[in-house]
Amino acid sequence: MRLKILALCLNEEKTSKQLREALGISKPLLISHLRKLMNSGFLEYRVEFDEKRMIVRKYYRTKNIDLCIATVLEEIIREMKSQSSNQWTNAVSL
């Protein structure tokens, strides 16, 4: 789920509402993922006040893209290794 959030916020900023709609998850679950991503340095946000509606919006974006790419690759390798050893051997030999 966190990798999807990073991917969605890679090229343009997204609000939590936009992320919830794209991912189909609840607000509490999204907030939990956003906090973990921000605490690990993968995600940042800016705040904007909408005077017309009198609300504050946070716009999230991916940061440290090189670190994100390395993390994604590590995650893919970890998933491949967790599969049966036969599948891992076949994938490596390709």
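Helices and strands are DSSP runs: a helix needs at least four residues, a strand at least two. With that in hand, let's walk through this predicted model. Its protein chain contains five helices and two strands. Following the chain from the N terminus, you meet the elements in the order α-α-α-β-β-α-α.

Now for the chain as a whole. Of its 94 residues, 22% are buried. The surface that the protein chain exposes comes to about 6900 Å², and carbon and sulfur atoms supply 52% of that area. What share of the contacts with a separation of 6 or more joins residues 24 or more positions apart? In this chain, such pairs account for 43% of those contacts.

Let's turn to charged side chains. Side chains of opposite charge can pair when their charged atoms come close. Here, a pair counts as a salt bridge when a side-chain nitrogen of Lys or Arg lies within 4 Å of a carboxyl oxygen of Asp or Glu. By this rule, the model has six salt bridges.

One of them joins Lys14 and Glu12, whose closest N and O atoms are 3.8 Å apart. Is Lys14 buried or exposed? Lys14 counts as buried because its relative accessibility is 17%, and the cut-off for buried is under 20%. Its partner Glu12 has a relative accessibility of 49%, so Glu12 counts as partly exposed.

Next, look at Glu13. This residue forms a salt bridge with Arg46, and the closest N and O atoms are 2.9 Å apart. The pair links distant parts of the chain: Glu13 sits in the loop between helix H1 (2-8) and helix H2 (16-23), while Arg46 belongs to strand E1 (residues 43-50), 33 residues apart. Glu13 is partly exposed, with a relative accessible area of 23%, and Arg46 is partly exposed too, at 31%.

Glu13 also meets Arg61 in a salt bridge, with 2.5 Å from N to O. Why does this pair tie together parts that are 48 residues apart in sequence? Because Glu13 lies in the loop between H1 and H2, whereas Arg61 lies in strand E2 (residues 55-62). At 28% relative accessibility, Arg61 counts as partly exposed. Step back now and see how these pairs fit together. Salt bridges that share partners join Glu13, Glu44, Arg46, Glu48 and Arg61 into one network. As you trace that network in the structure, you can find Arg46 in strand E1 and Arg61 in strand E2.

How values were computed: Residues are numbered from 1 along each chain as its sequence is written. This is a predicted model: local features need pLDDT of at least 70, side-chain atom pairs count only at pLDDT 80 or more; totals for chains, interfaces and linings use all residues. Side-chain values use heavy atoms; hydrogens and water are left out. Buried means under 20% relative accessible area, exposed over 50%, partly exposed in between (1.4 Å probe, protein chains only). Contact means heavy atoms within 4.5 Å. Accessible areas come from the Shrake-Rupley method with a 1.4 Å probe; for residues, only the protein chains shown count as cover.
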